[in-house]
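Visitor: I should like a close look at a single part of this structure, the open sheet of parallel strands in chain A. Please describe how its strands are ordered and paired, and what packs on the sheet.

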Amino acid sequence: MKTSVNEAIAFSEKRNLAVPEEILLSVEKPARYIGNEVNAASKDPKSVDVLFCMCFPDVYEIGMSHLGIQILYDMFNRREDVYCDRVYSPWPDMDKAMRENHIRLFGVESQLPINDFDFLGITLQYEMCYTNILQILDLSGIPINAKDRTEDDPIVVGGGPCSYNPEPLAPFFDFFYMGEGETRYYEIMDLYKEMRAAKKSRAEILHAIAKVPGMYVPALYEVEYYDEEHPAPDPLLDGTIRSFEPIYDDIPKKIRKEIVKDMSDTYYPNHPIVPYIKATQDKVTLEIQRGCIRGCRFCQAGMIYRPVRERSLDFLKKNALELLTSTGHEEITLSSLSSSDYSHLEELVNYLIDTYKDQGVNISLPSLRIDAFSLDVMSKVQDIRKSSVTFAPEAGTQRLRNVINKGLTEEDIINGSGQAFDAGWTRVKLYFMLGLPTETVEDMEGIPILCNKIAARYYEIPKEKRNGRVQIVASSSFFVPKPFTPFQWVPMCTKEEFLNRARIVRHKFGEMLNSKSMKYNWHEADLTVLEGVLARGDRRIAPVIVKAYEKGCIFDAWSEYYKNDVWMEAFDECGVSIDFYNTRERSTDELLPWDFIDTGVSKRFLIREWEKAQRAKVTFNCRKQCSGCGVGSFEGGICVERKN
Amino acid sequence: MNVRIKFAKYGSLVYIGHLDVMRFFQKAMRRAGIPISYTGGYSPHQIMSFAQPLGLGMSSEGEYVDIQVYDTYSSEESVRRLNEVMTDGLKVLSYRVLPEKAKGGMSVIKAADYMLWIEGRKKFPENASQLWNEFLQKPEILATKESKKGETTLDIKPHILDSRMEEDRLYLRVSTGSEINIKPDLVFRTFCAAFPESFPDPGNALRIHRIELYADDENGGFISLEDMGDEVAEGSLS
């Protein structure tokens, strides 16, 4: 019998993990909490000046799939004087064990308590993670409200799409970074280092940060509302914001978002972290462009990420190679909004297939516009029998598609499906929204009618050439008006109205000739209502979030943990009206909670778009014709290319 | 050409489950540039098979993965390349080519060596060896095995193939594999149940380390999986 050859291995220390062994072995997927992944930075925390902990306030597997964090993590760790660690929301089983055993939340790599860091950076990707932010702060022992934090607490910074209306979260954050992280973080770290060395206070540091372009320090801005003491000039404005002002003269009244001008001359994480456990996106992500030319009127991303900026083909080829080599991933995916609009898509996709297909690397395609090119590519990289073609018409009739400025026509959909059927596909997925402005019963019933036409197109194929029955799956989500879109003023449906519309659609599906080939799913309405309030809320929503958290709400994005009745109680107890935020029609004269942010897209443009929407008039995409949205002032991307 | 890779798993990697270790190695092969063979089809995958899953929480210096390659570096270079892409807690120990006729995969496994101890390497009572011998001399050692189908009782005595009790650890060789698989903690806990006063059940303070996996050899003994392969002194790649 052998004895241990290498006792050091048998008795090796487990890197002084923050959580004791028996707890790690009792929770689901302990790998979420141990760090030490491939390509993770490993630094001595004592050797750096700035400790930054990057947080994705959801479970590890989701957080690890996020490109934005990988970009900033890589960028920060390139600096010798900075160590960037990571933290994710402990899953409810770990959350419970940590509370019971008084274990403070820690960074996964250094295993240091979050409270020992200089910064805690939280990415705000969706509204339903807001209670998880409080969980992170609470488990870290950091006061939930920024005003209660001491010199020893980390500076808590937020960024990401939801920071385009940061107001419901305003009390919890020391500052928000508006826009793309690549541009100003080094400057902020230098500033912090210098001021800390000079023994400046937290308040002084935050005041200095507020002068850096793109930075919003909510405590330095005061909001006042129309109330009994200050009656509104118009009853429509009752309860809305009366004024929003900085408390110092030397900080900006309007905060302009930051953008990267040249996407081919910037940081790209060539050595992204490879988790041990399977992340939601277990593959290389290659971001091909930022922004979108389309201008769909419901889409916040399409507005806030303007202007569209492409990365060069050379940049992408070079990075694809390094990414695949450094991670060993067996799949690469292209990431962007509306990828079909990327100018060199065909060349890039063919290059990736030609170069990597023989090396066992799968190329996964984001949802592309269905045409001859995309079908040809798909047939090379997917098994036609197992895959489906996807359309996102968003609305059932051409009129409503014009209202939302979705350029997809019925002809595109029928022809695209037809080509797919001819090539052997039998499955079609379609995405719709219900509750869009101006929607009528005709629009709702248009959804099953459109699906039926697609099915009918399939049955035009001679029987002997068909591969069995066609499967059409239509899904609808409920429309949530978002800040900085032309629909930011519109009333949202109530839960009852949403469900009523879904029933109308479902009923009509049953009447269709090809109903047996069609399936219809709709999303939950409860979550949509909450998302609506959080999306267009103001600072008066913050106490509701705290209340819901105190009553046990976390992981609201996970239907098995979402507690709608508890949220409703929290609204009641705080005396906050959901209708004020969701179903009230806002006047274009109203001072909106997010109006202090300058995304480059002018309010004038949004109003113009809203008016055109009501007349069902389309606006051309940026490549076809400039619509004068205002973002040209950034002098980047397509706005500059057009001029040349 | 079939290759057998031996590796150790320890430190914080004891929290990484079997399936995730498989995924780790798939990616590691690519990072290390090992000329591994793929199956065909729309989603080609590496030709790779792992031995005997190791329980969560256990460490090991006797883990194995068999792969098929279409070319090879020397054993030394292959080990070097692989270790360059491992993380702290995974270490490749050897890379050996299997003879053409070697039985495929991991169906050959018959036994395993383990080391067991109590957290903090707490010393066992002074009469540990004596109690252990007493335990082994019983006509039969009945143990209750829990499985998905419920509880079964079996005599584990014939499956304790070798053992040695030391002052702070117990070495065990037990039957392992697809036919009969005896877990080391079952042996230890059965022993504890027999002498509860001297050996109270250690609960989650029991530590287990796998040392080696074996197949039957031609002479009725055991041969380690590693010894079934041969070192590649000079690979066709360099």
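Guide: Two strands are said to pair if DSSP finds at least two bridges between them; strands themselves (E, at least two residues) and helices (H or I, at least four residues) are DSSP runs, numbered from the N terminus. The model is predicted: local features need pLDDT of at least 70, side-chain atom pairs count only at pLDDT 80 or more, and totals for chains, interfaces and linings use all residues. Residues are numbered from 1 along each chain as its sequence is written, while chains are lettered from A and ligands numbered from 1 in the order in which they are written.

The sheet in question is open and has four strands of chain A, in the order β15-β16-β17-β18, with parallel pairing. Its edge strands are β15 and β18 (518-522) of chain A, each of which pairs on one side only. On average, neighbouring strands of this sheet are turned by 20° against each other, direction ignored; axes here are lines fitted to C-alpha atoms, for helices over the stretch in contact, and angles run from 0 to 180 degrees between N-to-C directions.

Consider next the individual pairings. β15(A), residues 389-394, and β16(A), residues 427-434, run parallel and are joined over four bridges. Within β16(A), F432(A) is the residue that stands opposite E394(A). On to the next pair: β16(A) and β17(A), the latter comprising residues 471-478, are paired in the parallel sense over eight bridges. Here L430(A) has A474(A) in β17(A) as its bridge partner. The chain passes from β16(A) to β17(A) through helix α15 (residues 441-458) of chain A, and this β-α-β crossover is right-handed, a term that applies if, with the strands pointing away from the viewer, the path from the first strand over the helix to the second runs clockwise.

The connecting helix also packs on the sheet: α15(A) touches β15, β16, β17 and β18 of chain A, where contact between two residues requires that their C-beta atoms, placed from the backbone, lie within 7 Å. The direction of α15(A) makes about 160° with that of β17(A).

As for the wider setting, 35 residues of chain A are in contact with 35 residues of chain B. Elements of chain A that each supply at least two residues of the side touching chain B include α1 (7-10), α2 (21-24) and α10 (313-327).
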